[in-house]
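Here is a short briefing to read alongside the model. Have the sequence and the 3D view open, and take the topics in whatever order suits you.

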Amino acid sequence: MKLSALQQSYLGRRSNSFRSSGPLDSSSDGAFKSPAAVFWLVLHGLSCLISLLLGFRFSRLVFLLLSTSSTYTSPFHSPTELAKTLDIRSVIPADPVGNVPLPFPNKTATNSRVVVGRHGIRIRPWPHPNPVEVMKAHRIIERVQTEQRLQFGVKDPRKIIVVTPTYVRTFQSLHLTGVMHSLMLVPYDLVWIVVEAGGVSNETASLIAKSGLRIIHVGFSQRMPNSWDERHKLETKMRLRGLRIVREKILDGIVIFADDSNMHSMELFDEIQNAKWFGAVSVGILANSANIDETVVEKRGEEENPRMPVQGPACNVSNMLAGWHTFNTLPFAGKSAVYIDDRATVLPRKLEWSGFVLNSRLLWKDGDKPEWMKDIDTLDGDIESPLDLVKDPSVVEPLGSCGRRVLLWWLRVEARADSKFPPRWIIDPPLEVTVPSKRTPWPDTPPELPSHKKPVIGIQEPIIKHTTKTRTSRSKRRSKRKHDETRTDRRTTGFDKTLQN
Amino acid sequence: MRKCLWLWGLLFFALGFAWSITAERNPCTERISGSAGDVLEDDPVGRLKVYVYELPSKYNKKILQKDPRCLSHMFAAEIFMHRFLLSSPVQTLNPEGADWFYTPIYATCDLTPTGLPLPFKSPRMVRSAIQLISSSWPYWNRTEGADHFFVVPHDFGAYFHYQEEKAIERGILPILRRATLVQTFGQRNHVCLNEGSITIPPYAPPQKMRARQIPPDTPRSIFVYFRGLFCDVNNDPEGGYYARGARAAVWENFKSNPLFDISTEHPTTYYEDMQRAIFCLCPLGWAPWSPRLVEAIVFGCIPVIIADDTVLPFADAIPWEEIGVFVAEEDVPKLDKILTSIPSHVILRKQRLLANPSMKRAMLFPQPTLPGDAFHQILNGLARKLPHPKSVYLKPGEKILNWTAGPITDLKPW
């Protein structure tokens, strides 16, 4: 701390105290100086010099010796000095840091139990962290942080109702585990409605059971089709099915659509608490293009404003909703993926469902809700975008500082159509052996393993020429043998390196 | 009749209950009431009158002109107190009706090139000032200074020396023995603390601290925080004198403990780190007080005070035992056990008390003055000492103070 450092360097004048108190003392004595005072001054100066050489305060040692030899008390030091000298007697043999635990000196000169002077530095026998204390401290920190969140975080947090359409496929474990872990970290109450195409399966059930969240797992009779268009349509139907569950069970909270391959940030869940009825957030679109066409790159270069891969609400200067940003799909026209396992870019819809949140009260049959909300039972056909749920799209509230903060990312990655994966990712029966262990690393290399005897015999022939060379260069047999062995070792390590490649 | 009474009683009870619930509705802070009662927010205006002596500017303004650095160091309270009194409604221009008399002397403004005060001339300066006021006005001789107060924020108060042993030897300046001293030093049973002194916090710049606030929802993740010296190698090479060995003990015991973020490095994020810590250590140094306490209070970090028998600022208005944690110097090796065994509801209560804005205001000397700040607390403290007992008024011709006591150097004219 600057100020205390200031104080310390200021008290550095203590070392000059002799000089500064010198003139005071001499002036206090006035015209005459007693021989005792002179003697003490000289002795003090001498012990200062010796201390400079030795590195500790020599004068105290002298006073100790003098005070023990006679009943003398120095005129310059108060009786508290004696208390100090008692300490020093036991401290002098120790090293200067003084890490000998000392008892507290009980003798005091004043009524206080606090003594001016030298004290021991108390160190406990094992000065390392105690694991029990560390755990207790962590619990205290957690409790304090919970309290902070209660006081300064979102006031009256509402329950979050997550609707996720999914189906069994190779990448389901990857995607669903990601969403599951994100939801497990959410600090608010949560209900997870998982709608599965093709009916409820053990795969999905066993995966999501590990989360410990409150889950409503329903099946959807249709199977997931193979083309992206059909898939998007089916997912919309599955989400409506989820919304119907919210209506049936009269769940109260904020409904968010978490597609299983999306990535959600924790701030998203804090931000959607601000939604009153119908909110929209900005979604980052990660449309991965496997083969970037050169023409696409050129076109990109020609554009003046590079299009942001973001979908979401757009505001005017007064922070009111003015329109929508959508992902520009023109560069990918004709080159996008049609079937789920195509290697081309997967394009998002105009407005993704995951960018919208709604108050669950909008879905209830009765209760006061704004008149601009359509009844979901009346919607049965294809809804193109979530905005079709409302009669008037201007009522949507932009969230995330008016769409400037991207709080979640949209991604679609799927495996090849013929990919197989073990059910529940448990390998049973054991896989067939592709490489026998005796023949590791790979069967393509020479059969001899780099043991001590074999390579010497096997490789010796090629390097005999080398050894003859070394024989001529070095006369000593010992060094030659060592040289040989090191050479063979190097050769074998060289082999190892090629094998590893 | 009885039924009526019952009804009224029930009504009152219900009202009181409802009121108490709504009063404690705010979970963020708690009211602070010390041993003198709920006095932090008292308004001193109307409760006392202070007369400010007009001293020649060589005692105050000229010194400040010579060295304007006095306005920003730890002892700047004496200058700001003078300015506050000159512009405050408690000041009275009629000395006959005054309860307290203030002498504006800037005794700690003689600074070295590095900015540290030299207190050697201060006794002479104070002495000459008192000689002046006792000869020009009759009020000093009336009570021999018992209704006068002086602001002496230096290390050991009115001892005017930074070394504790020397300070104890000299004693309080003899002519100030009857006056009320407003000082930063506080240690019980110590000769440097007069009975009836008012302990104040050291000056810490309020604007600097306010400028470095971080959002309050930043989670507090540091358990114990401390930045400062553990050993003063220049003045105390073998250790054991500085801080009575307590700081060195903290270092030796907890340097490898991940819960203790302690070090001698001074980071640029010092204020921000304090706001992310739950406990802040405030151990003694050469003197038992330090600006660390003020910083911990302002940033909401629970102060852990390791200084035996220390008296903290405004001890009768602020219940320090409920707000901070006191650890005896001999218990330093068990500091982690002590801190982790505090129940979490106690810790949360301490944080609520710290969050009380009147607590933070009481520790600061803001310019311009705000209600409830340290200046007002000083005046409240002075007001609580009123009325003066009849015994302080001396009969004419009676003398108690010995004007020639003290080292001869102090008796020289200034």
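In which loop of chain A is R424(A) found? R424(A) is found in the loop between β12 and α13 of chain A. Please keep in mind that this is a predicted model. The points below begin with that loop and then move to chain B, with its 15 helices and 10 strands.

**Backbone geometry**

- Most residues other than glycine have a negative phi, and most peptide bonds are trans.
- R424(A) has a positive phi, near 55°, and is a residue other than glycine. At 43% relative accessibility, R424(A) counts as partly exposed.
- W425(A) also sits in the loop between β12 and α13 of chain A, and its phi is positive at about 55° although it is not a glycine. With a relative accessible area of 45%, W425(A) is partly exposed.
- D428(A) and P429(A) are joined by a cis peptide bond with omega of about 5°. You will find P429(A) in the loop between β12 (406-410) and α13 (453-473) of chain A.
- In chain B, the peptide bond running from L386(B) to P387(B) is cis, and its omega is near -5°. P387(B) belongs to the segment after α15 of chain B.

**Aromatic pairs and a charge over a ring**

- Over all chains, the structure holds 26 aromatic pairs.
- One of them is stacked: the rings of F101(B) and Y139(B) have centres 5.0 Å apart and planes at 20°, which is under the 30 degrees that stacking requires.
- Because F101(B) lies in strand β2 (residues 100-102) of chain B and Y139(B) in helix α5 (residues 139-143) of chain B, this pair ties together parts 38 residues apart in sequence.
- F101(B) is buried at 0% relative accessibility, and Y139(B) is buried with a relative accessible area of 6%.
- The rings of F223(B) and F279(B) are edge-to-face, because their centres are 5.4 Å apart and their planes stand at 80°.
- F223(B) is in strand β6 (residues 222-227) of chain B and F279(B) in strand β8 (residues 277-283) of chain B, so the pair links parts that are 56 residues apart in sequence. Both F223(B) and F279(B) are buried.
- A single aromatic cluster is formed by Y51(B), Y53(B), F101(B), W137(B) and Y139(B).
- In chain A, the charged end of R169(A) sits over the ring of Y167(A), 4.5 Å from the ring centre.

**Nonpolar cores**

- The largest nonpolar core has 98 residues, and those with the most contacts inside it are M81(B), L85(B), F223(B) and F279(B).
- At least three residues of this core come from each of domain 1 (50-203 + 373-390) and domain 2 (206-363) of chain B.
- Beyond its neighbours within four places in sequence, M81(B) is in contact with Y102(B), F149(B), V151(B), F375(B), I378(B) and L379(B).
- Apart from the largest core lies another of 73 residues, among them V163(A), A337(A), I340(A) and L347(A).

**Burial in chain B**

- Of the 414 residues in chain B, 58% are buried.
- Among contacts in chain B between residues at least 6 apart in sequence, 72% join residues at least 24 apart.
- Helix α8 (residues 246-254) of chain B is largely enclosed by the rest of the structure, because 7 of its 9 residues are buried.
- The elements covering the buried residues of α8(B) include β6, β7 (260-263), β8, α10 (292-298), β9 (302-306) and α12 (335-340) of chain B.

**Buried residues and their contacts**

- P201(B) lies in the loop between β5 (198-199) and α7 (206-211) of chain B, and counts as buried at 0% relative accessibility.
- P201(B) and L364(B) are 7.8 Å apart in space, C-alpha to C-alpha, and 163 residues apart in sequence.
- N380(B) is part of helix α15 (residues 374-384) of chain B and is buried, with a relative accessible area of 0%. Setting aside neighbours within four places in sequence, N380(B) is in contact with V39(B), L40(B), D42(B), D43(B), P44(B) and R47(B).
- S134(B), in helix α4 (residues 122-136) of chain B, is buried with a relative accessible area of 13%. Outside its neighbours within four places in sequence, S134(B) is in contact with W140(B), N141(B) and W403(B).

Conventions: Residues numbered from 1 in each chain as written. Chains lettered and ligands numbered in written order. Predicted model: local features only at pLDDT ≥ 70, side-chain atom pairs only at ≥ 80, totals over all residues. Heavy atoms only, no water. Phe/Tyr/Trp six-rings, centres within 6.5 Å; stacked < 30°, edge-to-face > 60°. Helix = DSSP H or I, 4+ residues; strand = E, 2+ residues; numbered from the N terminus. Buried < 20%, exposed > 50% of the residue type's maximum accessible area, 1.4 Å probe, protein only. Lys NZ or Arg CZ within 6 Å of the ring centre and 35° of its normal. Contact = heavy atoms within 4.5 Å. Core = buried A, V, L, I, M, F, W, Y, C linked by side-chain atoms within 4.5 Å. Domains from an automatic or database assignment.
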